[in-house]
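Hi everyone, thanks for making time this morning. I have one structure to share, so let me put it up on the screen.

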Amino acid sequence: MTDQHGAAASGVKREKELRDIVVGWGFHFIRTQVDAAKYLGISLTKGGRVRKKDIPTINAWLEDKINFDAPEEYKEAGFGRFESDGYIPELDAIVELKGGDKAGTTEEKIMFDLEKLRDKVYGNKNIFYLFEGSKEYDKNTMLFKAKVKKDQKRGIINENVHVIDVSTMTKEVLTELAK
């Protein structure tokens, strides 16, 4: 499958920009096995890769931070696992980043993510659901934000789910929300 509208490249660029911001604030941003190994103080090969013997330890640490086993009803529908966009260990916070300036699959993805939040797929950790660019003010994003707030008031979505616009995100905001 090819990336016909540049979404994958755009997503990688946004994730790198987010990583740079978070790391610039003195936090770690974990996304990969290599990130986790560095954070855990596990040495890498000369080529910068994770040693085979360390993979089980690292994968166990990444479980429920980056990698999430799908609940049974999702498995019955064909889903096996879900993966977050990042993890900030100092704040014990899972990161989901949505952005871009083109219409398309983001709109559908956030409604599916709403169901995952309702079903508590991410467990009880803090979740920073970040919107950036034109997605901060997109009508679908506004609907998502309203539904999250409504469902939090009704006890359907955990209070530890925080929807944040990247344009207003600061180190202090994230630290306060993580308390």
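I'll talk about one helix and then about the empty space inside. Please keep in mind that this is a predicted model.

Let's begin with helix 6, which covers residues 139–153. Does its length make sense? What span should we expect from its 15 residues at 1.5 Å a residue? The expected span is 21 Å, and the end C-alpha atoms of helix 6 are 21 Å apart, so the two agree.

Now, which residues of helix 6 are buried? They are Thr 141, Phe 144, Lys 145, Val 148, Asp 151 and Gln 152. Looking down the axis, the buried residues fall within an arc of 135 degrees, so they line one face of helix 6. That spacing will feel familiar: an α-helix has 3.6 residues a turn, so residues three or four places apart point the same way. Over on the other side of helix 6, Lys 139, Lys 149 and Lys 153 are exposed.

The ends deserve a look too. At the N-terminal end, Asp 138 acts as the cap, with a side-chain oxygen 2.7 Å from the backbone nitrogen of Asn 140. Just after helix 6 comes Gly 155, with a positive phi of about 80 degrees.

On to the empty space. Searching the whole structure turns up one cavity of 30 Å³ or more, and the largest cavity holds about 40 Å³. Its lining includes Lys 116, Leu 117, Tyr 122, Ile 127 and Asn 158. By type, the lining residues split into five nonpolar, three polar and two charged.

That's my tour, and thanks for listening!

Methods:
Residues are numbered from 1 along each chain as its sequence is written. This is a predicted model: local features need pLDDT of at least 70, side-chain atom pairs count only at pLDDT 80 or more; totals for chains, interfaces and linings use all residues. Side-chain values use heavy atoms; hydrogens and water are left out. On a 1 Å grid over the protein atoms alone, a cavity is a set of points where a 1.4 Å probe fits but cannot get out, and a pocket is an open set with protein on both sides within 12 Å along at least five of seven lines; lining residues have an atom within 4 Å of a point. Grid points are joined across faces, edges and corners, and a volume is the space filled by probe spheres set on the points. Ala, Val, Leu, Ile, Met, Phe, Trp, Tyr, Cys and Pro count as nonpolar, Asp, Glu, Lys and Arg as charged, and the others, Gly among them, as polar. Helices (H or I, at least four residues) and strands (E, at least two) are DSSP runs, numbered from the N terminus. The expected span of a helix is 1.5 Å times one less than its number of residues. Buried means under 20% relative accessible area, exposed over 50%, partly exposed in between (1.4 Å probe, protein chains only). The arc is that of the directions from the helix axis to the C-beta atoms. A polar contact is a pair of N or O atoms within 3.5 Å; within protein, one must be able to donate a hydrogen and the other to accept it, and residues adjacent in sequence count only if both atoms are side-chain atoms.
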